[in-house]
Amino acid sequence: MLTGILALFSTSAFAAPVPSEIYKPAGAKTIKADRQGNGEFEYEAELSSQNTSIPALAKKVIAHAKDKGFKVVESEIKRDDADLKFKRGNQELDVSIEDKDHGRIEYKVDLDLNKN
């Protein structure tokens with residue numbers, strides 16, 4: 001019973017729900033899902049580069065952001081990294097995708113719903 005109680009208090013149990021504006025790739029392992037003050041949210045995940053490429057992932061992120069009403073303001077996509085920036089009114093979405101060592105892709109998102 002103690003083990004079950006301890007499992008409830010793991011870091012994943014306290015991870016904030018990811019806002020719908022943020023694309024969550026299939027098969028991604030969430031590293032960080034943290035709601036900040038003033039409408040800010042940080043999301044970080046890792047993916048296997050065997051299952052997807054950075055350009056393919058960037059295209060999915062762009063399509064998702066557009067579906068949520070964001071406009072692309074910066075899009076720099078290379079084979080081994082991508083930097084994407086979106087705006088929706090006074091809201092900003094920044095996405096960074098990087099190829100890391102040992103077939104790992106690092107996926108980071110900053111969402112600011114109250115950018116002034």
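Is Asp 94 buried, partly exposed or exposed? Asp 94 comes out as partly exposed, with a relative accessibility of 24%. Here are my notes on the rest.

1. Start with how far to trust what you see. This is a predicted model, and the pLDDT averages 87 over the chain. A score of at least 70 is reached by 86% of the residues. Watch the start, though: residues 1–13 have a pLDDT below 50. That stretch makes three contacts in the model beyond its near neighbours in sequence.

2. Next, the overall layout. You should be able to pick out two helices and six strands. Going along the sequence, their order is α-β-β-α-β-β-β-β. Of the contacts with a separation of 6 or more, 40% involve residues that sit 24 or more positions apart.

3. Now for inside and outside. The chain has 116 residues, and 30% of them count as buried. About 7,300 Å² of the chain is exposed, and 49% of that area is supplied by carbon and sulfur atoms.

4. On to charges. Side chains of opposite charge can pair when their charged atoms come close. In this chain the count of salt bridges is 10. One to find is between Arg 88 and Glu 21, with N and O 3.0 Å apart. Arg 88 belongs to strand S4 (residues 81–88), while Glu 21 is in the loop between helix H1 (2–8) and strand S1 (29–35), so this pair ties together parts 67 residues apart in sequence. How covered are the two partners? Glu 21 counts as buried because its relative accessibility, 14%, is under the 20% cut-off. Arg 88, at 21%, is partly exposed.

5. Lys 78 and Glu 76 make another salt bridge, and their closest N and O atoms are 3.4 Å apart. Lys 78 is partly exposed at 41% relative accessibility, and Glu 76 is partly exposed at 39%.

6. Back to Asp 94 from the opening question: its side chain meets that of Lys 85 in a salt bridge, with 3.8 Å from N to O. Lys 85 has a relative accessibility of 33%, which makes it partly exposed. Elsewhere in the list of charged pairs, Glu 98, Lys 100, Glu 106 and Lys 108 belong to one network, joined by salt bridges that share partners. Try tracing that network on the structure yourself.

Definitions and conventions. Residues numbered from 1 in each chain as written. Predicted model: local features only at pLDDT ≥ 70, side-chain atom pairs only at ≥ 80, totals over all residues. Heavy atoms only, no water. pLDDT = per-residue confidence, 0-100. Contact = heavy atoms within 4.5 Å. Helix = DSSP H or I, 4+ residues; strand = E, 2+ residues; numbered from the N terminus. Buried < 20%, exposed > 50% of the residue type's maximum accessible area, 1.4 Å probe, protein only. Areas by Shrake-Rupley, 256 points an atom, 1.4 Å probe, with all protein chains shown as cover. Salt bridge = Lys/Arg side-chain N within 4 Å of Asp/Glu carboxyl O.
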